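Work through the exercises below with the structure open beside you. Each one sets a task and then solves it step by step.

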Amino acid sequence: MRGILVERFGGPEVLVPADLPEPVPGPGQLLVEVSAAGVNYADTHRTDGSYRDAPRLPFVPGTEVVGRTPDGRRVLALTFGGGGYAERAVVDEADTVDVPDQVDDATALSLLVQGLTAWHVLRSSARLLPGETVLIGAASGGVGSIAIRLARHFGAGRIVAGGSTPEKRELALTLGAHVAVSNNPMGYAERVREATAGRGADVILESTGGAALTASIDALAPFGRLVSYGNASREGRPPIDAGVLSARNLSVAGFWLRPALDLPGFFREPLTELFALVASGELSLPPGPAYPLAGAHRAHEDLLARRTTGKATLHPAASSV
């Protein structure tokens, strides 16, 4: 079968199409004919070796797939061990969920990592309350675009979107944000306070790290909660002074989806809720970029250059470009 093989750590150029052995499922596993694979920003960290749980070389990237099992089930599956960037993948049956007919492949993949992350950072980590103000730092991205819709569904009183370009800020407004501001760290807190009548945000979702994280802390309202769930800037997460937090009764939390999904009720239950919201029409997601399997390197290039909005996906059946 065809797949993407990484034989050395590096940038998008190491994502090379190759002929691979057919995967063979073991006990408790399923073989999936992949109709689409999700592309996540974390995949770029795995590819360059900077991920906190870096894979061993050589490896096939890709931690999420949607497709058919030999008996015809249409399933969405996590593949934390990799293997998703291929025509077929082996998945643990415990990490799969059946996909309703009303949910297309790209939407299903959006809901797996990005959707579950958005759900958990708002509900499990930030514990958003009705009427609170939410700042979503990368609002047009995969997690951010879903978080805008979910924050409205969960009763947020005001949603402030951060975006790096006018186009991304405009997209965030069409998704349901009340106001959008530049997320450049310089002057970020001042722009957020101006958008919130001087008070700041009760909840901030922050995925950039570095200077953006520090600026976001300054944008919190008293008793505000910031959830850090990424490091897109690759600047790392700066040290946080507990004295600065206590001066305004602030809280900062970290979130990583992988260990969260090992907890009872943290996987199928929120996914089932998200599927139901899509099926009812209450949650609709903007289309993201689609690439042929051989275009995996272009998907990573576009992610790293922040040219994408929504969920990026690979499609093994598509013609190579």
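**Exercise 1. Find which residues Ala36 touches, leaving out those up to four places away in sequence, and describe where Ala36 lies.**

Solution. In this predicted model, begin with the contacts: Ala36 touches Val65, Val66, Asp105, Leu109, Leu314, His315 and Pro316, when residues up to four places away in sequence are not counted. Next, place the residue, which lies in strand 3. Then take Leu314 from the list of contacts and look at the separation: Ala36 and Leu314 are 278 residues apart along the chain, yet their C-alpha atoms are separated by 5.5 Å. Finally, consider accessibility: buried means under 20% relative accessible area, and Ala36, at 0%, therefore counts as buried.

**Exercise 2. Work out which strands pair with strand 3, and over how many bridges.**

Solution. Start with the strand itself, which covers residues 29-39 and is mostly covered, since eight of its eleven residues are buried. Take the partners one at a time.

- Strand 6 (residues 88-92) pairs with strand 3 in the antiparallel sense over five bridges, and here Leu30 stands opposite Val91.
- Strand 4 runs antiparallel to strand 3 and is joined to it by four bridges; in this pairing the bridge partner of Glu33 is Arg68.
- Strand 15 (residues 312-315) is likewise antiparallel to strand 3, with three bridges, and Thr313 of strand 15 stands opposite Gly38.

**Exercise 3. Determine how many aromatic pairs a search of the whole structure finds, and classify each of them.**

Solution. The search finds two aromatic pairs. For the pair of Phe9 and Phe59, the centres are 6.4 Å apart and the planes make an angle of 45°, and the pair is tilted. This pair links distant parts of the chain, 50 residues apart: Phe9 is in the loop between strand 1 (2-5) and strand 2 (16-19), whereas Phe59 is in the loop between helix 1 (41-48) and strand 4 (64-68). The accessibility of each ring-bearing residue can then be read in turn: Phe9, with a relative accessible area of 34%, is partly exposed, while Phe59, with 9%, is buried.

The other pair is made by Tyr51 and Trp256, whose ring centres are 6.2 Å apart and whose planes stand at 70°, so the pair is edge-to-face. Here too distant parts of the chain are linked, 205 residues apart, with Tyr51 in the loop between helix 1 and strand 4 and Trp256 in the loop between strand 13 (251-254) and helix 8 (257-260). Tyr51 counts as buried at 13% relative accessibility, and Trp256 counts as partly exposed at 28%.

**Exercise 4. Identify which arginine lies over the face of Tyr51, and which has its charged end over the ring of Phe154.**

Solution. Return to Tyr51 and look at its ring face: Arg46 lies over it, at 4.1 Å from the ring centre. Then turn to Phe154, where the charged end of Arg123 sits over the ring, 4.5 Å from its centre.

**Exercise 5. Describe the surroundings of helix 6 and of Ser228.**

Solution. First list the buried residues of helix 6 (residues 210-218), which are Gly210, Ala212, Leu213, Ala215, Ser216 and Ile217. These buried residues pack against helix 5 (188-195), strand 11 (201-206), strand 12, helix 7 (242-247) and strand 13. Now move to strand 12 (residues 220-228), where Ser228 has its place. Ser228 is buried, with a relative accessible area of 4%. Leaving aside neighbours within four places in sequence, the contacts of Ser228 are Glu206, Leu213, Arg237, Ala253, Gly254 and Phe255.

**Exercise 6. State which domains the domain assignment gives, and how they are placed with respect to each other.**

Solution. The assignment gives domain 1 (2-111 + 285-315) and domain 2 (126-254). Their C-alpha centres lie 29 Å apart, and at the contact between them 14 residues of domain 1 meet 14 residues of domain 2. As a last step, compare this with the record: in an unreviewed entry, UniProt lists residues 10-314 for "domain: Enoyl reductase (ER)". The end C-alpha atoms of residues 10-314 lie 20 Å apart, and the span is 32% helix and 24% strand.

Definitions and conventions
Residues are numbered from 1 along each chain as its sequence is written. This is a predicted model: local features need pLDDT of at least 70, side-chain atom pairs count only at pLDDT 80 or more; totals for chains, interfaces and linings use all residues. Side-chain values use heavy atoms; hydrogens and water are left out. Rings of Phe, Tyr and Trp (its six-membered ring) pair if their centres lie within 6.5 Å; planes under 30 degrees apart count as stacked, over 60 as edge-to-face and the rest as tilted. Helices (H or I, at least four residues) and strands (E, at least two) are DSSP runs, numbered from the N terminus. Buried means under 20% relative accessible area, exposed over 50%, partly exposed in between (1.4 Å probe, protein chains only). A charge sits over a ring if NZ of Lys or CZ of Arg is within 6 Å of the ring centre and within 35 degrees of the ring normal. Contact means heavy atoms within 4.5 Å. UniProt positions are given in the numbering used here, feature names are shortened, and annotations may be inferred rather than shown by experiment. Two strands pair if DSSP finds at least two bridges between them. Domain bounds come from an automatic or database domain assignment.
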